[in-house]
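This report walks through a single protein model, from one loop residue to the spaces and charged pairs around it. Please keep the sequence and the structure in view while reading.

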Amino acid sequence: MKELSRATFGAGCYWCVEAVFQNLKGVEKVISGFMGGHIKNPAYKEVCQGTTGHAEVCQIDFDSSIISYEELLEVLWTTHDPTTLNQQGADKGTQYRSAVYYHDDTQQAMAEQSKLQVAPKYWDNPIVTEITEASEFYAAPSNHNNYFNNNPTQGYCRVVISPKISKFKKQFADKLK
């Protein structure tokens, strides 16, 4: 059995993040959920109210022999706006913050270096993405996982996620499954 690595990113609505990272070669599993808050077992509605301190995140299990953590970071920087504080498009609130939750010292160093050297290649304004040690992960309700694939005609999916996926697939065609 191959050993997988784990990355955890917050980049706005987790449905968008999940839809992007599921398409990458080497990504074995993407689970939507919450991290970085101050209460245990937060409910989705509580997180949406912005009172728990959690961010919507995706936990990404990947085969580092196929795709590197640095490549995942580059995808992260280009598929959301890391220059807007607590907001992605019309989604506003601390739960939509841009965040990299690192799982070890190597990931921390890579994330900090990438934030300084890679992200500015794509964005003119200062990068506000927080880089924080991973804490307990709480999976989102099951109907929130694999959301775009299960609900492609839903309004948010058509208006927000579909254009993001189209742009992503053009930019990273060589990394797609």
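## A proline in a loop

Pro82 is found in the loop between helix H3 and strand S4, the strand that covers residues 87–88. The model is a predicted one, and every value given below is computed from it. With a relative accessibility of 0%, Pro82 counts as buried, because any residue under 20% is placed in that class. Between the C-alpha atoms of Pro82 and Lys175 there are 22 Å of separation, and along the chain these two residues are 93 residues apart. Lys175 returns further on, in the section about charged side chains.

## The helix before the loop

Is helix H3 largely enclosed or largely open to the outside? Eight of its eleven residues are buried, so helix H3 is largely enclosed by the rest of the structure. The buried residues begin with Tyr69, Leu72 and Leu73, continue with Val75, Leu76 and Trp77, and end with Thr78 and Thr79.

Some of these names come back in the linings described next. Thr78 and Thr79 are among the residues that line the largest pocket, while Leu76 and Thr79 are among those that line the largest cavity.

## The largest pocket

The volume of the largest pocket is about 160 Å³. Its lining is made by Thr78, Thr79, His80, Asp81, Gln88, Trp123, Lys164, Lys167, Phe168 and Gln171. Sorted by class, these residues are two nonpolar, five polar and three charged ones.

Which helices supply at least two residues each to this lining? They are helix H3, which runs over residues 69–79, and helix H7, which runs over residues 155–171. Helix H7 gives the largest share, with four residues.

## The enclosed cavity

Rolling a probe the size of a water molecule over the atoms shows where empty space is left. In this model there is one cavity of 30 Å³ or more, and the space inside the largest cavity comes to about 30 Å³. The residues around the largest cavity are Ala11, Cys16, Val17, Phe21, Leu76, Thr79, His80 and Lys164. Two or more residues of this lining come from each of helix H1, residues 14–21, and helix H3.

The largest share, three residues, is given by helix H1. By class, the cavity lining holds five nonpolar, two polar and one charged residues. Thr79, His80 and Lys164 appear in the lining of the cavity, and these residues also appear in the lining of the largest pocket.

## Charged side chains that pair

How many salt bridges does the structure hold? There are five salt bridges, and one of them joins the side chains of Glu136 and Lys40, with 3.3 Å from N to O. This pair links distant parts of the chain, since Glu136 sits in the loop between strand S7 (130–133) and strand S8 (138–139), whereas Lys40 sits in the loop between strand S2 (27–35) and helix H2 (44–48), 96 residues apart. Glu136 is partly exposed, at 44% relative accessible area, and Lys40 is exposed, at 62%.

A further salt bridge is formed by Glu71 and Lys175, whose closest N and O atoms are 2.8 Å apart. This pair too links distant parts of the chain, with Glu71 in helix H3 and Lys175 in the segment after helix H7, 104 residues apart. Lys175 also forms a salt bridge with Asp174, where the closest N and O atoms are 4.0 Å apart, and Glu71, Asp174 and Lys175 are thereby linked in a network of salt bridges. Within this network, Lys175 is buried at 16% relative accessible area, Glu71 is partly exposed at 24%, and Asp174 is exposed at 54%.

## A charged residue without a salt bridge

Asp91 lies in strand S5, which covers residues 91–92. Asp91 is buried yet has no salt bridge, and Lys164, the nearest side chain of opposite charge, is 8.2 Å away. A salt bridge requires the two atoms to be within 4 Å, so the distance between Asp91 and Lys164 is not one that counts.

What does the side chain of Asp91 make with the side chain of Tyr156? The two side chains make a polar contact, at a distance of 2.5 Å.

Key. Residues are numbered from 1 along each chain as its sequence is written. This is a predicted model: local features need pLDDT of at least 70, side-chain atom pairs count only at pLDDT 80 or more; totals for chains, interfaces and linings use all residues. Side-chain values use heavy atoms; hydrogens and water are left out. On a 1 Å grid over the protein atoms alone, a cavity is a set of points where a 1.4 Å probe fits but cannot get out, and a pocket is an open set with protein on both sides within 12 Å along at least five of seven lines; lining residues have an atom within 4 Å of a point. Grid points are joined across faces, edges and corners, and a volume is the space filled by probe spheres set on the points. Ala, Val, Leu, Ile, Met, Phe, Trp, Tyr, Cys and Pro count as nonpolar, Asp, Glu, Lys and Arg as charged, and the others, Gly among them, as polar. Buried means under 20% relative accessible area, exposed over 50%, partly exposed in between (1.4 Å probe, protein chains only). Lys and Arg count as positive and Asp and Glu as negative; His and the chain ends are not counted. A polar contact is a pair of N or O atoms within 3.5 Å; within protein, one must be able to donate a hydrogen and the other to accept it, and residues adjacent in sequence count only if both atoms are side-chain atoms.
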